Amino acid sequence: MSQATAKDSTARVTPSPIINGNTKVVGIVADPIGHVRTPQAFNAFAAEHGINAVVVPLNVRPSEFAAAVKAFAKVRSMAGLVVTIPYKESISPLCDELTEAARQVGAVNIVRFEHGEGGTARLVGSNLDGEGFAGGLEAQGHELAGRRVYLAGAGGAGKAIAHAMAAREVSAIGVYNRNTERAAQLVAELQRYYPRLNAHVASEQPSDYSIAINSTSLGLNEGDALPFPVDGLPAEALVAEAVMKVELTPLLAAARARGLRVHFGRYMMETQIERMVQFLGLQREHAAS
């Protein structure tokens, strides 16, 4: 969403988090860190739902990343870490356990600290990108089973979304990527995990798909080209975004102008926050006012 929209939405959500001795701390680790929006969204959600937890940004340089993670794991009031660029892959070897989602995607975007009686906690890594996106679609009332899906982008987010959609038994996934070799690699992965799925490399012009998804970064910056044209899509198709910085991206504007249904990137963030709370084991401590 736009910066103005983000400010307005967080301002509307009551009250500010109350920090006390029982507050669970979740760090979001990145380099650089200034662009992240998870702290604002998570902290507003926690305050609204009576969850005594707070997300704080942590700017860690690559040369200090491994040592910093080990140090964070010794802080018993830390519930875990949200992990973003450039650390989604480099944190995997630091984890003691990976969920199936993290193993399939080959990247981690959240780590739970399981504190025992000793010093350093046990680290469990997962990836909520795919669950956040697919769950966001479901939360908006979109049935996924049996749908034909077009996916632009075969990077980390694209891989996570593809696996989550396949797990929900869509009938087909066509993967388009400017690097066709990368698209073919993702298709091969999907065929290995989901042999009954019609997974295939798609062209840059989607046509016979009922859901078309942008998981690329196109739309983040003014003047970006469309990740794919919408002219060939059926009239009943849904066009969905993973881009959150801008609410009505050029892709969604083009789809809306054609009369197609659209799905905003913020729905992915909203669902991811709910999944984060569950994965980290955070509890409500009081009723929301």
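Isoleucine 110 stands opposite serine 126 of strand E6 in this predicted model. Isoleucine 110 begins strand E5, which covers residues 110-114. Strand E6 covers residues 122-126. The two strands run antiparallel, and five bridges join them. In general, the strands of a sheet pair through backbone hydrogen bonds, in either a parallel or an antiparallel way.

Now step back to the whole sheet. Six strands build it, and it is open. Their order is E2-E1-E3-E5-E6-E4, with mixed pairing. Strand E2 (53-59) and strand E4 (97-98) are the edges. Each of these two pairs on one side only.

Helices pack on this sheet. Helix H2, residues 38-48, touches strand E1 (24-30) and E2. The direction of H2 makes about 170 degrees with that of E2. Helix H9 lies across E1, strand E3 (78-83), E5 and E6. H9 runs at about 25 degrees to E5.

H2 and H9 also meet each other. Their axes come within 10 Å and cross at roughly 65 degrees. The crossing is right-handed. From H2, the contact uses Thr38, Ala41, Phe42 and Phe45. From H9, it uses Met269, Ile273, Glu274, Met276 and Val277. Seven of the contact residues are nonpolar, one is polar and one is charged.

H9 has another helix partner, H5. These two helices pack at an angle of about 120 degrees, with their axes 7 Å apart. This crossing, too, is right-handed. H5 contributes Asp129, Glu131, Gly132, Phe133, Gly135 and Gly136 to the contact. H9 contributes Tyr267, Met268, Thr271, Gln272 and Arg275. Here the contact residues divide into three nonpolar, five polar and three charged.

How many residues of H5 are buried? Eight of its 11 are, so the helix, residues 129-139, is mostly covered when buried means under 20% relative accessible area. The buried residues are Asp129, Gly130, Gly132, Phe133, Ala134, Gly135, Gly136 and Leu137. They pack against helix H6 (156-167) and helix H9 (266-280). They also pack against three strands: E10 (211-214), E11 (238-241) and E12 (261-263). Just after H5, glycine 141 takes a positive phi of about 90 degrees.

Phe133 of H5 leads on to the largest nonpolar core. That core has 28 residues. Phe133 is among those with the most contacts inside it, along with Met165, Ile173, Val175, Leu190, Leu197 and Ile213. Several elements each supply at least two residues: H5, strand E7 (148-152), H6, strand E8 (172-176), helix H7 (180-193), E10 and E11. H6 gives the most, with five residues.

What does leucine 190 touch, leaving aside residues up to four places away in sequence? Its contacts are Ala162, His163, Ala166, Ile173, Val175, Pro195, Leu197 and Ala199. Apart from this core lies another, of 23 residues. Val26, Leu128, Met276 and Val277 are among its members.

Ile173 and Val175, both touched by leucine 190, bring us to E8. Five of the five residues of E8 are buried. Both faces of the strand are covered. Ala172, Gly174 and Tyr176 lie on one side, while Ile173 and Val175 lie on the other. E8 runs parallel to E7, and five bridges join the pair. Across this pairing, leucine 151 stands opposite valine 175 in E8.

Terms used
Residues numbered from 1 in each chain as written. Predicted model: local features only at pLDDT ≥ 70, side-chain atom pairs only at ≥ 80, totals over all residues. Heavy atoms only, no water. Buried < 20%, exposed > 50% of the residue type's maximum accessible area, 1.4 Å probe, protein only. Helix = DSSP H or I, 4+ residues; strand = E, 2+ residues; numbered from the N terminus. Contact = heavy atoms within 4.5 Å. Axes fitted to C-alpha atoms, helices over the stretch in contact; angles between N-to-C directions. Left-handed = near helix turned anticlockwise from the far one by under 90°. Nonpolar A, V, L, I, M, F, W, Y, C, P; charged D, E, K, R; others polar. Pairing = 2+ DSSP bridges. Core = buried A, V, L, I, M, F, W, Y, C linked by side-chain atoms within 4.5 Å.
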